[in-house]
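Open your viewer and switch to the cartoon view. We'll go from stop to stop, and at each one I'll tell you what to select and what to look for.

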Amino acid sequence: MGRILVHICCAPDAVYFLKRLREDFPDEEIIGFFYDPNIHPYEEYRLRYQETERTCRQLGIKLIEGEYDVERWLRSVKGLEDEPERGKRCSVCFDFRLERSAQVARELGCDAMTTTLLMSPKKSIPQLKESGEKVAKAYGVKFLTPDYRKGGGTQEMFRLSRDLELYQQDYCGCIYGLFKQKEGEIFWDLVSFRGRRPGSKEETLFVKEVRTFAESLSLPVREFEFPFLSWKVLEGGIWVNREPVPSIVVPFSQSVRGKVRADVERRVGNTLYLNKQFIRLVLVKDLKDRPLEEITGVTSPTFLVPEHVMEKLLTNRVEVTLRTEFMQERSRVLLIGRDDAKRLIGIPADTLQDGRGVSGDQVRGLVRENLERIKRGEVSLVLMGAQSLGRPGQRFFEEITGRKVDEVLSYPP
Ligand code: SF4
């Protein structure tokens with residue numbers, strides 16, 4: 001029995017390719033090698049790796065993760081940043097990834113190697129063949145170029161990806177391809193947030209990690225994607241006499257125009273109203289972010305501020321900036337257990353703006369604690385994305401399953 005090393009670029013390209021390769025080479029041991037320092041940003045890389053790990057686990061294929069040597073990758077394509085896809089940059093990128101794969105193939109005593117890139121409808125098979133054969137030869141390994149796209153293979157690949165509810169990326173991988181594919185609209189793809197902002201890559205990765213864990217315990221899982229109205233703070237703050245005042249922006253606050261200098265015009269209860277642009281400052285004992293319980297629609301620019309700064313705010317001119325953005329995004333809900341379980345316990349998958357939320361260890365602990373009850377159908381756990389922005393995930397889940405979530409665990413106090 002020989003061995004074949006398969007360079008894996010992502011789970012959707014791998015799922016059908018690996019299945020077919022195993023059918024065509026039933027006597028060979030197949031080893032997956034995820035080596036993709038071309039994937040930017042790192043959160044996207046982790047997400048694609050996580051899904052590859054889940055796929056290989058399901059197929060019973062051993063997976064090795066290569067190094068994320070992104071700096072060396074960036075140096076290797078220097079000067080080729082403006083090349084189109086399938087151009088010279090992609091040839092260098094294939095050489096880079098396949099050469100390291102060939103090296104590993106030789107170290108592991110493999111007779112042959114190949115790559116799941118061959119499955120990608122956007123990649124050129126002749127270009128991959130040229131690169132693969134060149135590097136494999138240098139390491140004394142044979143390069144296989146099966147064309148599993150033909151004969152309905154591409155459609156079958158999409159079907160399997162859908163069935164497995166795999167994360168489907170919408171760009172090839174590198175920052176240069178991202179610029180071209182999204183015509184410069186890449187800002188949010190490259191921004192990392194503290195915690196797990198609703199609809200972010202961090203939130204998706206969290207859901208996928210919990211899913212992989214639940215599947216490793218042979219629990220039934222189901223994932224639902226849903227659209228929602230997202231809200232983000234681009235910049236904002238409050239100053240008095242040029243000194244910043246601690247504050248948190250209330251979700252769904254709209255932007256203010258420019259830098260506003262205003263005075264407190266009115267105080268009603270614990271709310272101070274400034275005399276410009278409907279700005280509100282809400283005095284609170286304990287300055288913490290809080291989830292939006294219900295969608296209230298766009299609200300006036302509203303900040304939470306600590307009570308002890310009230311005097312300062314009442315007796316001085318206040319400076320305020322705030323730039324927020326509303327956009328359509330997608331998030332997900334993960335059901336662990338049966339949807340007809342007697343009791344449904346909801347867990348927020350996202351974190352608040354200040355980064356507080358349920359940790360992976362806490363969720364894994366809950367799954368373990370309830371393992372037998374989940375198996376008996378007494379309880380199911382529902383991990384809900386974007387919960388902090390008016391509970392869109394919970395509402396979506398309840399609508400499509402016709403079930404009410406009985407109890408929702410709060411964000412840590
Ligand atoms: S577009 Fe894709 S294949 Fe081409 S260089 Fe970028 S990551 Fe590599």
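How many bridges pair strand S1 with strand S4, and in which sense, parallel or antiparallel? Select residues 3-8 for S1 and 112-115 for S4: they pair over 4 bridges, in the parallel sense.

Before going on, some ground rules. This is a predicted model, in which local features need pLDDT of at least 70 and side-chain atom pairs count only at pLDDT 80 or more, while totals for chains, interfaces and linings use all residues. Residue numbers start from 1 along each chain as its sequence is written. Helices (H or I, at least four residues) and strands (E, at least two) are DSSP runs, numbered from the N terminus. Two strands pair if DSSP finds at least two bridges between them.

**Stop 1: the parallel sheet**

Stay with S1 and S4 and show some side chains. Val6 stands opposite Thr114 in S4, and His7 stands opposite Thr115 in S4. As a general point, side chains in a regular strand alternate between the two faces of the sheet.

Now add residues 142-143, strand S5. S5 runs parallel to S4, and 2 bridges join them. One pair to click on is Met113 with its bridge partner in S5, Phe143.

Zoom out a little and you have an open sheet of 5 strands in the order S3-S2-S1-S4-S5, with parallel pairing. Which strands stand at the edges? They are S3 (62-65) and S5, and each has a single partner strand, so one side of each is left without a neighbour in the sheet.

Next, select residues 42-59. That is helix H2, which packs on the sheet and touches S1, S2 (29-34) and S3. The direction of H2 makes about 160° with that of S3 (axes are lines fitted to C-alpha atoms, for helices over the stretch in contact, and angles run from 0 to 180 degrees between N-to-C directions).

In the loop between S2 and H2, look for Pro41. A cis peptide bond joins His40 to Pro41, with omega about -5°. In general, most peptide bonds are trans.

**Stop 2: around the ligand**

Show the ligand and select Asn38, Glu85, Arg89, Cys90, Cys93, Cys172, Gly173, Cys174, Tyr176 and Gly177, the residues around it. Here a residue counts as near if its C-beta atom, placed from the backbone, lies within 6 Å of the molecule. Which helix gives the most to this shell? Helix H4 does, with 3 residues. H4 (88-107) and helix H7 (175-181) each supply at least two.

Try colouring the shell by class: 5 residues are nonpolar, 3 polar and 2 charged. For this count, Ala, Val, Leu, Ile, Met, Phe, Trp, Tyr, Cys and Pro are nonpolar, Asp, Glu, Lys and Arg are charged, and the others, Gly among them, are polar.

**Stop 3: the mixed sheet**

Find a second open sheet of 5 strands, in the order S8-S13-S12-S11-S10, where the pairing is mixed. S8 (248-249) and S10 (264-268) stand at its edges, each with a single partner strand, so one side of each has no neighbour in the sheet. S8 and S13 (302-306) pair in the antiparallel sense over 2 bridges. Click on Ile248 and then on its bridge partner in S13, Leu304.

Gln277 is in the loop between S11 (271-274) and S12 (280-284). Its phi is near 50°, a positive value in a residue other than glycine.

**Stop 4: a helix with two sides**

Select residues 360-369, helix H11. Its buried residues (20 or more other C-beta atoms, placed from the backbone, within 10 Å; exposed means 12 or fewer, partly exposed in between) are Val363, Leu366 and Val367. They cover an arc of only 100° around the axis, which puts them on the same side of H11 (the arc is that of the directions from the helix axis to the C-beta atoms). Rotate to the face turned away, and you meet the exposed residues Asp361, Gly365, Arg368 and Glu369.

**Last look: the whole protein**

Show everything again: the protein has 13 helices and 17 strands. Buried residues make up 39% of its 413 residues. Its C-alpha trace spans about 80 × 60 × 35 Å along the principal axes.

Terms used
Contact = placed C-beta atoms within 7 Å.
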